[in-house]
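Biologist: I am new to this structure and should like to understand why its parts are described as they are. May I put my questions to you in turn?

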Amino acid sequence: MTKRTFMASLVATTVLATAPALAQDCPVKVGVLHSLSGTMAISETTLKDTVLMLVEQQNAKGGLLGCPIEAVVVDPASDWPLFAEKARELLTVNEVDVIFGSWTSVSRKSALPVLEELNGLMFYPVQYEGEESSRNVFYTGAAPNQQAIPAVDYFLEELGVESFALLGTDYVYPRTTNNILDAYLKSKGVAAEDIFVNYTPFGHSDWATIVADVVALGAGGKKVGVISTINGDANIGFYKELAAAGVSADDIPVVAFSVGEEELSGLDTTELVGHLAAWNYFQSADTEINAAFVKAWKAYAGENRVTNDPMEAHYIGFNMWVNAVTQAGTTDVDAVREAMWGQKFPNLTGGTAVMLPNHHLTKPVLIGEIRADGQFDIISQTEEVPGDAWTDYLPESAPLTSDWKDLGCGMYNTETKTCVQMTSNY
Amino acid sequence: MSTPEIAPRRRFLAENPSVLWFLGCLALFTLGVTVLSEGFGLALISTSMVKILGMTLCLCLIAVAMDVVWGYCGILSLGHFAFFGLGGYAIGMWLMYARTQGIVVESLSATPIPPTDIEIEKAIASQIFGVVGSNELPWLWGFAHSLTLQLMMVVLVPGLLALVFGWLAFRSRVTGVYLSILTQAMTLALSLYLFQNDTGLRGNNGLSGLQNIPGLDHVPQSALSLWFFWASALALGLGYLVFAWLVSGKFGSVIRAIRDNEARVRFLGYDVESYKLMIFTLTAVVSAIAGALYYPQAGIINPAEIAPIASIYLAVWVAIGGRGRLYGAVIGAAVVSLASSWFTGGGAPNINLGFYTINWTDWWLVLLGLGFVAVTLFFPRGIGGLFDMIVRKP
Amino acid sequence: MRSIPSLARLAATVLALGILSVLRPVVALAQDGLQPILQEYQAEIAKPSRSTVEKVLSGLMAADRPGTAEFLLRWQDRGVYARPTDGLFFYAEEIGDALRLIDIDSGAAVAEVSSREVSQIRPNSGVRAVIAAALVPFELNAPDPARREAALDAIARSGDASQIDPLSQSIETETDPALKQRKERLLTLLTAQFASALPYRLAAIEGLAGDTSIEARSVLNQLTARVPGVGTALPTGANIANVLEVGTDISEVEAYDRLVSANLAPPRQSATDRRDVLAQHIVDGAVGGVPLHLLNTDAARARAYEALEAAGTVPPRAAEDEVARAVAAHVFYEVYTEPNPEVTAAAEDALSATSHTLGLYQTLDLVLDGLSLASIFFLAAIGLAITFGVMGVINMAHGEFIMMGAYTGYVVQLFVPDYTVSLIIALPLAFVVTFGAGVAMERLVIRHLYTRPLETLLATFGISIALQQLAKNIFGTQARPLTAPDWLSGALTLNDIVSISNIRVAIFVLALIFLALLLFILKRTRLGLEVRAVTQNPGMAASMGIDPDRINMLTFGLGSGIAGIAGVAIGLYAQVTSEMGANYIVQSFMTVVVGGVGNVWGTLAGASLIGFLQKGIEWFNPSNTLAAQTYMILFIILFIQFRPKGIVALKGRAAGD
């Protein structure tokens, strides 16, 4: 407990034994912008601990540029305007060199204007809806083409699903993802009447009717599959209702984009065995480096803690940043950004992540089946897929592309050959 | 020289020295912050702090409005933050539209053929709503191109909502806790409505990037933050003056009488419902103005801001500050919101009890909740009450 | 017909091979063993995919090596491992962290390796379904009923024509009556779908008339599936479902879009296309004589395009009436994918016989859902009906009592692993815990505020946020599992349409019990009499020898205790988090207010109104639950305006104004 609370303290400083001073201002400061209270604390506290662990590990290796790394932790308290306020505070008052932070899209969009105004640098670790590429953000989570599209392909090709229920929580990530999927499914010849869409509020608990609606789709004579972008707590009621209705994964498979090891720890998974989740990382990935990572995490945070996809994203992001700073010889944002392009770092699941000039990573797409112990059996793993900031499946964004290296623009219209804007779309 | 027109005003200020005191303090505070600020002075107060202080002034303004409607008129409205949010949305729509228009016009100017108005509008819509998967400008945004119209919306939309809601509720003689629950239901309905993506205000994402004022790209945020700080201070000063004047005269006596015994006032021949409606609507409009000043400083507005709990917190500030005295509301709002950000922002040192470390991020809300119970039980007159005791003792 | 050895023969061969393998060296692969065949399909077996599994299966079946069926079963159950070094396949058993590899043909242990040296082959459920379908002929007569049932499930999931014969042959020898019935039903479904003999098929289809099960409707809907078509005339020989009337069945725009997608008409020129065309013909800062800077209106662009047209530099645009002419020149229709009109007609008849009952059942299901939601609202609000309704205390911390009850259930499950026993302990314990909390709160806080109801609201709100944060500090922000016992999982099912989960039934029953209990306490016991006396006139009650302090304390405790039990029930069907109470508090107050304060029946009426209303609105717009909630609250606001005292309004002195 004392250890945990100490780590949760707002300014956790890890000072290393004296290191030779370079031109660099010591110590190197890393800002952590994750909610430690409020509704999102459930997911974000873990990421704060992850960054602190990575900082500790790096300091044990001798710090960065001969300086110790100091983590500056602030609490935006799941209050979106506070993300802007705290980002400004981190960049101007604490003068951090980089920020690791945000979970929800709205929190990222809140911090974006500040990052762009003050030329900060942020690593965003969560899968998101795409349609954005900021000069000042590196997206280490999955873009839709690295999670949603491969999962739908899996449904179409491997499971032979013909009728789709897209269930989501009513906010931007499910909305945009479902819009992309709707367009994608139609391009694959799925008729409009075979796509059922439903949106529910955050924390929704009354799932009986919706589950019944999904089951009733089976009467159409086509194999039904559910694509779930249901977020957070609401999943628990949903899966409980699914289990009560006796929906087996063989009859109606459910693939979830927001359900990972952390979320499953809130319910009994025996009835859910076989349902699916699509991520770029599962704790059950059987590789040497992942075993080491899981071990380090359990030693750091507690034996019963699990690892998940956004944690891997921070792991890759942090290490890439460290390498980029070393390569650039400075923490100056513009220099680091240039050094980031093309950075390579091994994924925990095997293969290599490469930072693309559109500020997204190449990542393998994994599909896992839920096991009775709350972990996932990886049943499909693709080659690394390059992240696409602007989806090809929506007419408005199809002509857009992002290339900060050669085009110097995050929202470049390839038809008119112009840069739509230098700031991003918030 | 005293003419009849200014005579009552002089008497009002003479009878209410606290108003002058308050305005003096506010002016001094504004001057102090300006001198110490990054934008125009010694750079001892960071821009983010100036923004926090400016936002706090807006919260003080809505607290004053809340004090009038609750502390003076006895209507415990749990819906004033909805009006605050609506004001923010109204100004936010213009801010977003105009900023996006600038971006779009600039990017389209590079095309060989100049764009038509329809093309510009479509491009704006897909820029704003691309995030939520739409590319059409909803009808709600019909006035968003014009600052003047949208400023009118800041006043009209919340004003009209308050008028209609108040008219219905007061006409049906819904009073006391029922009215509180009803206003809370209204707030909940509004926030659920705004949460929907289909309603045309970008759902859960809300409106963002509001700190970038269109046409003022060249002005640094350190200066902009001060401008808004001054505007907030001015609004608070004016609002305070207007409300203080309103509650000090005969009108004030009537609404206080309504608070204390509604039936008796009605039997005396006063049209109680009209008085209540007037106060309810007026405070709603002031709340909306406070919101319109607040959100450009906060940078983003979304439905979570309007959630019912925000309005309850508002009542909490007023109660802690002390109801029935306007400076009490200001003190309550300022103290609680600044203390909140101090405690959750890591300003307060952790307390090590040996066996357990009290981390204020985790324990601040427990302290606030219990502190609030204590204030209700032991200091029903709030911090303002303590102030009164000190001032009147000698 | 594929040549498929009977299971008995297979078993015999496996046995024989087992004996033989003792005599032979393990590594030497016999040419007639399974492994060489498997190696032919190494990649497809090691990385199974639905697109390649058919090829593997037909290859294995054709080779007909011994042990094929067992291999398929094990492959399906993820019991096959591949060694990357040489690509060989093995069965394996776990010994601690290591794996013991077993040779597929000989059944002998070959080596012990770590899990990283071999890769477990994990066919996905699509592949498993194909394998299971291939195994159907073997498994239909398996001795174990569970395996026969699995085979039947495989038929139900992916039926095809080849299964008809083995299925009908297996019916006679089937001993289990339930399985026999299931087999007969599946045979009917398969016959309706695939049989080659028309009379059998029509009879089977007729047999499905009025059948509301999803299986039956799924078959019928497949038979009547249609695809849209367009042409200059109706095609001959096709099984036409209906001809679409442009203007009524299909809009002109839609019709033209179909023509375009069928390459029967040129696409319309969009504004963007026209702009692009114009942009290609810029000459000296003008297009068609119109200067560039003027091209920012549609009219100017049209002029420029016409100029280009006139000059012959661009193809003429489609005239306005061309769309109408093109549409009129074509016929739009829908055609059945099933070529035989007799079959489709029979299937349509069978389906229409279902539609009436189907509607009835759907309504029934909706009513059940509404009832269930109403009982949840009632359960959440009933404690409030006492504290707020009867005593007039606004308790904003009511939601947190619900949360405390749910966490009590979670904590009990930590110590008592048996879910039934833990539930039996948790329910009274939750009552005791929240009763205690309620009494403490009443004594310490609320007692001092009886004359100031609005301040009770604020004080209890303070308690509410403190309790919520305390719960976060103690239990963390993560949702906690509260699992229902087995007899409460699952659902009560009337048929494929009407079903309701057991936990919801339990909540409904619990709500009824509470209703009866409360009515009994308030109307028939001394306590109830005293409660009513104290709430109506404390002074008078006190002078009659009733201790108002004690009564208030007990009443408040009772209301809080009931909230605790409700918390356990709500936690069982949804999530247990520190914020779960906050989700119910506004709704609960509305339930009580809408129903009418001071009356348990009123709360019941309020909960029913809200529950059914929400389900009703959801039914109109099933894709947006949030909108349903919004409109429900708006309705309530309006309702209270017009009936401020609620549905069941108290009259006279009890109204307490």
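Modeller: Domain bounds here come from an automatic or database domain assignment. On that basis, chain A is divided into domain 1 (2-142 + 286-362) and domain 2 (145-285 + 367-386). The centres of these two domains of chain A, taken over C-alpha atoms, are 29 Å apart. Please bear in mind throughout that this is a predicted model.

Biologist: What makes domain 1 and domain 2 of chain A partners in a contact, and how many residues does the contact take from each?

Modeller: Two residues are in contact if their C-beta atoms, placed from the backbone, lie within 7 Å. By that criterion the contact takes 25 residues from domain 1 of chain A and 21 residues from domain 2 of chain A. On the domain 1 side, at least two residues each are supplied by helix H2 (41-60), helix H4 (105-118), helix H10 (288-301) and helix H11 (309-328) of chain A. The largest share, three residues, belongs to H2(A). By class, this side of domain 1 has eight nonpolar, 12 polar and five charged residues.

Biologist: How do you know whether the radius of gyration of chain A agrees with that of a compact globule?

Modeller: The rule is 2.2 Å times the number of residues to the power 0.38. For 426 residues this gives a value near 22 Å, and chain A has 21 Å, so the two agree. Along the principal axes, the C-alpha atoms of chain A fill a box of roughly 70 × 55 × 40 Å. Chain A holds 12 helices and 17 strands.

Biologist: What is the radius of gyration of chain C, set against a compact globule of 657 residues?

Modeller: Such a globule would have a radius of gyration near 26 Å, but chain C has 36 Å. The value for chain C therefore does not match the rule of 2.2 Å times the number of residues to the power 0.38. The C-alpha trace of chain C spans about 100 × 95 × 60 Å along its principal axes. Chain C contains 26 helices and 12 strands.

Biologist: Why are S15 and S17 of chain A called edge strands?

Modeller: Two strands pair if DSSP finds at least two bridges between them. Strands of chain A form an open sheet in the order S15-S16-S17, with antiparallel pairing. Strand S15 (400-403) and strand S17 (418-419) of chain A each pair on one side only, and so they are the edges. Three bridges join S15(A) to strand S16 (residues 409-413) of chain A, so the requirement of at least two is met. Within this pairing, Thr401(A) has Tyr412(A) as its bridge partner in S16(A).

Biologist: Which strands of chain C are at the edges of its five-stranded sheet?

Modeller: That open sheet has the order S4-S3-S2-S1-S5, with antiparallel pairing. Its edge strands are strand S4 (109-114) and strand S5 (119-120) of chain C. Strand S3 (residues 98-103) of chain C is joined to S4(C) by five bridges, and Ala98(C) stands opposite Ser114(C).

Biologist: Where does chain C touch its neighbours?

Modeller: Its contact with chain B takes 44 residues from chain C and 42 residues from chain B. Helix H13 (271-280), helix H19 (453-475), helix H24 (580-595) and helix H26 (625-642) of chain C each give two or more residues to the chain C side. H19(C) has the largest share there, with 14 residues. This side has 30 nonpolar, 11 polar and three charged residues.

The contact between chain A and chain C takes 50 residues from chain A and 52 residues from chain C. H8(A) gives the most to the chain A side, with six residues. That side divides into 18 nonpolar, 18 polar and 14 charged residues.

Biologist: Which spans of chain C are called transmembrane regions in the record, and how helical are they in the model?

Modeller: The unreviewed UniProt entry lists several, among them residues 371-394 and 553-576 of chain C. Residues 371-394 of chain C are 83% helix and 0% strand, with end C-alpha atoms 27 Å apart. For residues 553-576 of chain C the span is 88% helix and 0% strand, and the end C-alpha atoms lie 28 Å apart.

Biologist: What is the confidence in chain A?

Modeller: Its mean pLDDT is 88, and 94% of its residues reach 70 or more. Among the elements of chain A, helix H1 (residues 2-8) has the lowest mean, 43, and strand S4 (residues 122-124) the highest, 97. Over residues 1-22 of chain A the pLDDT is below 50.

Conventions. Residues are numbered from 1 along each chain as its sequence is written. Chains are lettered from A and ligands numbered from 1 in the order in which they are written. This is a predicted model: local features need pLDDT of at least 70, side-chain atom pairs count only at pLDDT 80 or more; totals for chains, interfaces and linings use all residues. Helices (H or I, at least four residues) and strands (E, at least two) are DSSP runs, numbered from the N terminus. Ala, Val, Leu, Ile, Met, Phe, Trp, Tyr, Cys and Pro count as nonpolar, Asp, Glu, Lys and Arg as charged, and the others, Gly among them, as polar. pLDDT is the predictor's confidence in each residue, from 0 to 100. UniProt positions are given in the numbering used here, feature names are shortened, and annotations may be inferred rather than shown by experiment.
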